[in-house]
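I opened the notebook to look up the annotated membrane spans and the aromatic contacts of this entry. My notes follow in the order in which I worked.

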Amino acid sequence: MEVKNCCMVTEFILLGIPHTEGLEMTLFVLFLPFYACTLLGNVSILVAVMSSARLHTPMYFFLGNLSVFDMGFSSVTCPKMLLYLMGLSRLISYKDCVCQLFFFHFLGSIECFLFTVMAYDRFTAICYPLRYTVIMNPRICVALAVGTWLLGCIHSSILTSLTFTLPYCGPNEVDHFFCDIPALLPLACADTSLAQRVSFTNVGLISLVCFLLILLSYTRITISILSICTTEGRRRAFSTCSAHLIAILCAYGPIITVYLQPTPNLMLGTVVQILMNLAGPMLNPLIYTLRNKEVKTALKTILHRTGHVPES
């Protein structure tokens, strides 16, 4: 194969959100509160989990991990997007582009793994309540959390290395608001079929396996809940799991829409990814706190201690 005789790309230009010319300041004003609420909401949950002894349980340990993930995931793409919406440079260096793609898929895959672990935690708590503290002991919880981060690192390393071992000789205009595989591969001046197949298979396989494990866990959970004699017991068990199920639906919809389409729709993918990067991480704190009395009580206690809310 003949390679073009030109300099390799050292920086990329992010073209941004398609068909939004002239709306940059409006979008900045719209998106900034989303990002601020994401950081505030997830920091609040993390502080509540760390400061309240009642929340030092496996379920809240994993919820704290999810909060760290949400802040990181949103921060991979949102600051750069907000800066160019303000009128600053759309340039991103080659190294920063590599880092952005790596951490986007690193943190994105962790969400899938973490939701699977959280489903297993709920399965153990509801189906084996007497053995729950033994099965989900602190050592196991830490091992499961570390495992999600290691698997995410392996997954993202494969996708990043396949994408950036390809030569990029120009053009350097990325038709997206951040560096992602579907937007970068068309710019490569070499055969991208291997990278396309592996990324499709890798993302698809991880999503499918995690989804099937979650489905299996919640099938067993549903059977166990229906066998509970009292209505109050069934209501409490369903209430515990409903927030997790809502968060899972919010996470898997964008993955299927963006990465598992045979012929990706750029505009649809952009809209869905904006929602995934901004709305998803912001909604998770609301989903878990609005339906959780223990978290709300812990947050109120913190506000009482700091003097922001008077004692009732």
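Which residues form one aromatic cluster? I found that Phe69, Phe73, Phe104, Phe177 and Phe178 form it; I note here that I am reading a predicted model.

I then searched the whole structure for aromatic pairs, and the search returned 15 of them. I took up Phe103 and Phe106, whose ring centres are 6.2 Å apart and whose planes meet at 70°, so I entered the pair as edge-to-face, the class for planes over 60 degrees apart. Both residues belong to helix 3, which covers residues 94-127, and they are three residues apart, about one turn of the helix.

I next looked up whether each of these two side chains is buried or exposed. Phe103 has a relative accessible area of 39% and is partly exposed, whereas Phe106, at 10%, is buried, because the cut-off for buried is under 20%.

For the membrane annotation I turned to UniProt, where the unreviewed entry lists as "transmembrane region" residues 25-48, 60-82, 102-120, 140-158, 203-229, 241-260 and 266-290. I checked two of these spans against the model. Residues 60-82 are 100% helix and 0% strand, with the end C-alpha atoms 32 Å apart. Residues 102-120 are likewise 100% helix and 0% strand, and here the end C-alpha atoms lie 27 Å apart.

My last entry concerns a charge and a ring: the charged end of Arg131 sits over the ring of Tyr128, at 5.6 Å from the ring centre.

How values were computed:
Residues numbered from 1 in each chain as written. Predicted model: local features only at pLDDT ≥ 70, side-chain atom pairs only at ≥ 80, totals over all residues. Heavy atoms only, no water. UniProt positions renumbered as here; feature names shortened; annotations may be inferred. Helix = DSSP H or I, 4+ residues; strand = E, 2+ residues; numbered from the N terminus. Phe/Tyr/Trp six-rings, centres within 6.5 Å; stacked < 30°, edge-to-face > 60°. Buried < 20%, exposed > 50% of the residue type's maximum accessible area, 1.4 Å probe, protein only. Lys NZ or Arg CZ within 6 Å of the ring centre and 35° of its normal.
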